[in-house]
Amino acid sequence: MFKPLLLTAALAAALPAMAATTLIRDVRVFDGQRSYEHRNVLIDGAKIADPDFHGKAPADTVIIDGKGRTLLPGLIDSHVHAYRYLELPLLFGVTTQVDMFTGVSIMQDMAARMQRGENKDRADMFSAGTLATVPGGHGTEYGIAIQTLTRPEEAQAWVDARIAEGSHFIKIVLEQGSAAHPTPSLDLPTVKALVDAAHRRGKLAVVHIATLANARAALEAGADGLVHLFVGERIAPDDLAAFAALARSRKAFIIPTFSVMESIAGVQEQDVLDDKTLMALLLKEQVQPLRGSHGSSAHPEKLAAPRAVVKALRDAGVTLLAGTDAGNVGTQYGASMHHELLAMTQAGLAPSEALAAATSAPARAFRLPQRGRIAKGYKADLLLVEGDPTADIGATRRIVEVWKDGAPVSPLRTAQMKAVADEASAQKGKALALPPEGRISLFSPERFGSPFGMGWVPSTDNFMGGKSTAKLAFVESGGQRAADVTASVKPGFAYPWAGIAFIPGQQPMQAADLSAATVLRFRARGDGQRYAVAIMSKGVSIPVNQPFTAGEGWSEVVLPLSSFKGVDASALTMIAFNAGPKPGDYQFQIADVRLTEE
């Protein structure tokens, strides 16, 4: 199995030891705010020496032909969760990421690399580190132990602890979940106390919201910015005008994050998936998140409200920033930024406004030093593309070169393209042969066996910090050799579960190529409660679920693998049968589990 993380050393070795003096000649320049024709831009080491150079280039200068091309500041993604694929954004021209929640050790390591000037092989990162939320609230479901809070009196100490860890700004969660899955949230007095505590220390305070009401409340509490908008089929004209006026009066910035809102609406980034030049830079497991979505079915009508809001905010002069929420299903670092720019233009921004939202505007809003502009003394984080993206936003995808701290990134891009091609070649003909009748459940009194892989094991939320339990026992019932599952789903994790799982690899999270199968079949009986089949494949961090009911008598359940949106059958890592997330006691039996061709 090809492991992309092993690329890091090879990719870094492909970079030149030092940035050379480079002259990009006769190029169109978008400097982060406006365009200029026929410029000569001189790079000296890691800095821009002259954005409008005239005269003779120094000896040994590398000359780049800019005719018919546009030079841009490196793109800034204003909303990511940077916990993996740290080398990936740079390959797509994203030279800086604003991280909204990641592991503290990752944040600190990235800050140290940047301080030492040793971050030429990754996008720079400015992070909130740990977000502010309550026990069991949004942000606690990822298995990362974090400090939570519940009262205004705790706010200053909480903020000071984040600053001591190295947080560049403070992120606050104000979300109560959905009717189907309500979650606890910070109350408004605590949100206001956190905003004030951040401001007392000279730090920005941004807020995660998911509704118009929470968006208004966050702005009224003094938030410097909102890191999302909200989905909806419509928004009343009066509400739209009032919200735009409020954001303008508070001088707040807004990050719409169309990429993840589309995922919530069940809409894929099909333009990215269809773009061969972008796909040539993504390994198979890096493509998989783009094939999935938070929404189980497509409801593009849910995007009407955020598009209307973005247009109103733009018309009101509110600062808009381009951010993808990469790290979520339906997105990918770097690649999704090009889709985000397109989505912003589809919502009413001119291409040049969308480009500013990905360069100078986030640098100014998040107080990011010496980036986001093509100006003397600024970092030589640059993107050179064919064509004119101020006229055709799609031109940002036609990458000629990326520079990070003055060093060309093309060796990294070439190495990644080779890795993608090699992976595709190596995987040909690797599908596992299906067992007789496709049966993967070989249950007996001695063991819960399988024809391949680790076999069958209890499945619980314990490794995510949950407290649920599952016990397995062999039973023979109604002619079926079954696994009897006694599950106790307990509060303690945002989405608790317990059940039984089949691990097709030789070890946990090792992928198996089961692409010869198209259908999952099994028999179930139980206590009449609702359960879920959860399937994961390599590159997907959240399982895709399909419901079933375990009634009193045995019944066969037939689920096409295609119904598990975003799951790649050629890289399966788990098939689980789970109770939850509703807390309580469950009892069910599973038998005759098969993967078949039809």
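A residue is called buried when its relative accessible area is under 20%, and exposed when that area is over 50%. With those two words in hand, let us walk through this structure, which is a predicted model. The protein chain has a mean pLDDT of 94, and 97% of its residues reach 70 or more. Residues 1-17 are another matter, with pLDDT below 50, although this stretch has 28 contacts in the model beyond near neighbours in sequence.

A good place to start is helix H3, made of residues 104-116. Its 13 residues, at 1.5 Å a residue, should span 18 Å, and the C-alpha atoms at its ends are indeed 18 Å apart, so expectation and model agree. Which residues of H3 are buried? They are Met107, Met110 and Arg113. Looking down the axis of H3, you would find its buried residues within an arc of 130°, which means that they line one face of the helix. A general rule helps here: an α-helix has 3.6 residues a turn, so residues three or four places apart point the same way. On the other side of H3, Ser105 and Gln115 are exposed. The cover over the buried residues of H3 includes strand E8 (124-127) and helix H4 (155-165). Just after H3 comes Gly117, whose phi is positive, at about 70°.

Strand E8 brings us to Asp124, which is found in that strand. Is Asp124 buried or exposed? Its relative accessible area is 3%, and a residue under 20% counts as buried, so Asp124 is buried. Among the residues that Asp124 touches are Met110 and Met114, along with Thr95, Arg371, Lys379, Asp381 and Lys404. Asp124 and Pro89 are 35 residues apart in sequence, while their C-alpha atoms are 9.7 Å apart in space.

Now let us turn to a sheet. Five strands form an open sheet in the order E9-E10-E11-E12-E13, and their pairing is parallel. Why do E9 and E13 each have a side without a neighbour in the sheet? Strand E9 (170-173) and strand E13 (319-320) stand at the edges and have a single partner strand each, so one side of each is left free of a neighbour there. At the E13 end, strand E12 (residues 253-254) pairs with E13 in the parallel sense over 2 bridges, and Phe253 stands opposite Thr319 in E13. Helix H5 (residues 188-200) packs on the sheet, where it touches E9 and strand E10 (205-208). The direction of H5 makes about 175° with that of E9.

Methods:
Residues numbered from 1 in each chain as written. Predicted model: local features only at pLDDT ≥ 70, side-chain atom pairs only at ≥ 80, totals over all residues. Heavy atoms only, no water. pLDDT = per-residue confidence, 0-100. Contact = heavy atoms within 4.5 Å. Pairing = 2+ DSSP bridges. Helix = DSSP H or I, 4+ residues; strand = E, 2+ residues; numbered from the N terminus. Axes fitted to C-alpha atoms, helices over the stretch in contact; angles between N-to-C directions. Expected span 1.5 Å × (residues − 1). Buried < 20%, exposed > 50% of the residue type's maximum accessible area, 1.4 Å probe, protein only. Arc of directions from axis to C-beta.
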